[in-house]
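Student: I'm new to this one. Could you take a close look at a single part of it with me, and talk me through the helices there?

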Amino acid sequence: LFETKTVEPEKVEILLECAFAAPSAMNHRPCHLMVIDAKELLVKIGGLTERTRMVEGAPLAIAVCVDVAHYEKAHGLTDGTWMEDGSCAMQNLLIAARGLGLEGVWLQVHNRPEREGSIPPLLKLPDGVRLFAMAVLGYGAETKAPHSGVDEARLHRNGW
């Protein structure tokens, strides 16, 4: 899925800037990002489940985390808004990756019990901090056709 080539530090910086620039509810900016480029840690995460296997061969992952306990207490937002904020950060990461000539996979962690229970301890997350998802990134070892056009069968205007 990925070449072994390391992602350049300047590209990692741009990815981080783009993720931190994502919109968030009431501009509270709850996301914390963790850069994971230690091969040993990537291999451990990749070996946890069948669905995390792509992490083993990636040179980089960026974890999107949220201090949910603080977010809810400080801002009174107990409606799961943090997940939307995390989604915005993830989308910005993946769009930026493509713009930088990288490929990326959105590895969902939140609401995936086997991943929620096994990945955060490896990352040594403090109490109250939740791992929302991980962007698994690198130079693509395969070429896939991009999506294009508008799916008219799924497009609706002014009602269903």
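**A close look at the helices**

Tutor: Let's start with helix α1, residues 9–20: at 1.5 Å a residue its 12 residues should span 16 Å, and the end C-alpha atoms are 17 Å apart, which agrees. (The expected span is 1.5 Å times one less than the number of residues; helices, H or I of at least four residues, and strands, E of at least two, are DSSP runs numbered from the N terminus.) Bear in mind that this is a predicted model, where local features need pLDDT of at least 70 and side-chain atom pairs count only at pLDDT 80 or more, while totals for chains, interfaces and linings use all residues. Residues are numbered from 1 along each chain as its sequence is written, and side-chain values use heavy atoms, with hydrogens and water left out.

Now, which residues of α1 are buried? They are Lys11, Val12, Leu15, Leu16 and Ala19, where buried means under 20% relative accessible area, exposed over 50% and partly exposed in between, with a 1.4 Å probe and protein chains only. They cover an arc of only 140° around the axis, which puts them on the same side of α1; the arc is that of the directions from the helix axis to the C-beta atoms. On the other side of α1, Glu10 and Glu17 are exposed. The buried residues pack against β1 (31–36), β2 (60–67), α4 and β4 (129–138), with contact meaning heavy atoms within 4.5 Å.

That brings us to α4, residues 81–99, where you'll find serine 87. With 26% relative accessibility, serine 87 counts as partly exposed. Leaving out residues up to four places away in sequence, serine 87 touches Trp106 and Phe132. Its C-alpha atom is 9.8 Å from that of proline 23, and the two residues are 64 residues apart along the chain.

Next up is α5, residues 113–123, home of arginine 115. Arginine 115 has a relative accessible area of 8%, so it is buried. A polar atom of its side chain lies 2.6 Å from the backbone oxygen of glutamine 108. Glutamine 108 is also among the residues that arginine 115 touches, along with Arg51 and Thr52, again not counting residues up to four places away in sequence.

The buried set in α5 is Arg115, Ile119, Pro120 and Leu123. These cover an arc of only 100° around the axis, which puts them on the same side of α5. Turned away from that buried side is a face carrying the exposed residues Pro113, Gly117 and Pro121. After α5 comes lysine 124, with a positive phi near 55°.

Technical notes
Polar contact = N/O pair within 3.5 Å; in protein donor to acceptor, adjacent residues only side chain to side chain.
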